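Okay, everyone, can you pull up the model on your screens? I'll walk through it a piece at a time, so keep it open while I talk.

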Amino acid sequence: MKRRGFLGVVAGGGVAGLAGAADEAASEPGGLMRTAPALMAPRTDGIEVVWAVDGSCLGRVEWESEGGGAGVAKADRFGMVAQGDEVLRVRLDGLEPGVSYRLRAVTESVDRKRRERSDWKEFRTLDPGAPATSFVVWNDTHENAETLRSLSAGSPGGDFLVWNGDTCNDWHREESLVPTLLGPADQDYTRNRPLMLVWGNHDVRGRWAYRVPEFVATPDNRPYYAFRSGPVAAVCLHTGEDKPDDHPSFGGRVAFEELRREQAEWLRELAAAPGFRDAPYRVVFCHIPLRWTEEPRLEVGDYGNGKYDWYSRFSRDAWHDALVAWKAQVVVSGHTHRPAWLPAAEGFPYAQLVGGGPQPERATWIEGRADASEMVLAMKGLDGRELERVSFKPLA
């Protein structure tokens with residue numbers, strides 16, 4: 001491992017000291033940490049750690065590598081130690097791809113009288129050159145505690161977890177942000193797989209929806225992004241709402257038409273990027289499907305009386321040509337609360353796989369595995385029954 005990795009380079013180029021943290025005597029826990037540290041936005045060179053705190057606190061992250069390196073990350077890009085009275089975030093940079101690490105969060109009260117350390121958590125940085133990868137997909141959990149506990153305990157570990165939208169039932173209560181996003185059903189849900197979050201339509205609803213970015217991290221600090229894990233190139237897109245921006249229920253709070261156009265331009269550029277233009281497997285994650293079993297086209301005046309889009313025709317209109325040009329093989333979504341599989345068809349060279357709903361009897365999780373011979377997506381119910389299994393051959 002390179003010395004740069006040993007030192008624990010943090011965002012903005014700051015470097016925390018290597019020695020001292022591991023030798024420092026631990027103080028008694030003081031109830032400072034409200035949640036376990038959540039591991040989010042894994043990259044080839046690092047990860048971001050987010051946790052909730054009770055009161056004004058300072059935070060840092062201590063890490064160790066399987067090769068014996070160790071370091072401390074604590075500074076933000078402005079040279080300040082991570083601090084806050086509700087949530088702390090620390091970004092680790094300068095790590096090595098495909099290497100196993102463990103880390104723990106250290107929280108200290110601003111008066112420096114109390115200190116608390118989390119348990120160690122293990123993770124592996126993404127590796128575009130790995131021969132294989134595995135991952136898990138959840139969707140539409142909607143704060144259902146029984147479903148969340150079952151998903152956390154029953155779905156396997158992997159290189160990453162995609163939480164494919166609708167984490168909540170709308171953000172009408174500010175106090176629901178922490179338990180929903182950082183401690184869902186009191187589960188340490190990134191215990192054996194770091195999180196990639198995809199926004200759903202309910203994740204952007206309600207008075208407090210604008211605060212969601214404070215509690216979640218994405219690789220590029222925006223709600224759409226792409227990454228490579230082994231032979232799989234993954235694109236995560238934000239489909240926005242299931243009604244037009246000017247629908248009165250949104251109260252003027254949303255502007256997704258512009259965001260869809262921005263993503264369309266970004267997709268066209270991504271298709272030519274190294275690691276994406278030649279990836280053996282190409283997967284899109286977005287909350288609202290781009291295709292559906294029935295496709296009634298609602299017009300602007302038809303969105304009254306609770307009507308909404310079962311598929312995002314706005315997003316498809318914006319992205320379809322770019323996805324076809326990229327040779328996307330499958331789009332994985334949620335939103336409908338009805339599992340579905342739509343194979344590739346004339347005019348739609350990409351297939352569509354849709355997960356289930358929030359209730360335990362309707363909930364699903366998807367396990368993905370890919371190697372040199374094939375990529376398999378298996379959708380299962382909470383009881384372990386396999387509901388769908390589809391496979392894809394590598395692109396030439």
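Right, helix α5: it bends by about 55° at W319. That bend is the angle between two axes, one fitted to the seven residues ending there and one to the seven starting there. Before I go on, the fine print: this is a predicted model, where local features need pLDDT of at least 70, side-chain atom pairs count only at pLDDT 80 or more, and totals for chains, interfaces and linings use all residues. Residues are numbered from 1 along each chain as its sequence is written, and side-chain values use heavy atoms, with hydrogens and water left out.

When I say helix or strand, I mean a DSSP run, numbered from the N terminus: H or I for helices, at least four residues, and E for strands, at least two.

Back to α5. How far apart are its end C-alpha atoms? They are 19 Å apart, which agrees with the 20 Å that its 14 residues should span at 1.5 Å a residue. The expected span is 1.5 Å times one less than the number of residues.

Now look at what α5 hides. Its buried residues are R313, S315, R316, W319, H320, A322, L323 and W326. Buried means under 20% relative accessible area, exposed means over 50%, and partly exposed is in between, with a 1.4 Å probe and protein chains only. So W319, where the helix bends, is on the buried list too. The cover over those buried residues includes β14, α4 and β15. Just after the helix comes K327, with a positive phi near 65°.

Next, the sheet that α5 packs on. It's an open sheet of six strands, in the order β13-β14-β15-β16-β18-β17, with mixed pairing. Two strands pair if DSSP finds at least two bridges between them. Why do β13 and β17 have a side without a neighbour in the sheet? They stand at the edges, each with a single partner strand, so one side of each is left open in that way. From one strand to the next, the twist averages 20°.

On the β17 edge, β17 pairs with β18, residues 351-354, in the antiparallel sense over three bridges. There, A340 stands opposite V354 in β18. As for the helices, α5 spans residues 313-326 and touches β14 and β15, with its direction at about 155° to that of β15. Helix α4, residues 256-270, lies across β13 and β14, running at about 170° to β14. Those angles run from 0 to 180 degrees between N-to-C directions, using lines fitted to C-alpha atoms, for helices over the stretch in contact. Contact means heavy atoms within 4.5 Å.

Let's jump to helix α2, residues 145-154. Its buried residues are T147, L148, L151 and S152. Seen down the axis, they fall within an arc of 130°, so they line one face of the helix. That arc is the one made by the directions from the helix axis to the C-beta atoms. Here's the textbook part: an α-helix has 3.6 residues a turn, so residues three or four places apart point the same way.

What do the buried residues of α2 pack against? They pack against β10, β11 and β19. Take β11: five of its five residues are buried, so the strand is largely enclosed by the rest of the structure. F160, V162 and N164 point one way from β11, and L161 and W163 the other way. β10 and β11 run parallel, joined by four bridges, and V137 stands opposite V162.

Strand β2, residues 47-52, is mostly covered as well, with six of its six residues buried. I47, V49 and W51 point one way, while E48, V50 and A52 point the other. Follow V49 for a moment: L39 stands opposite V49, and in β6 the bridge partner of V49 is V90. β1 and β2 run antiparallel with three bridges, and six bridges join β2 to β6, also antiparallel.

Last stop, two glycines in loops. Are they buried or exposed? G94, in the loop between β6 and β7, is buried, with a relative accessible area of 1%. G79, in the loop between β4 and β5, is exposed at 59%.

That's my tour, thanks!
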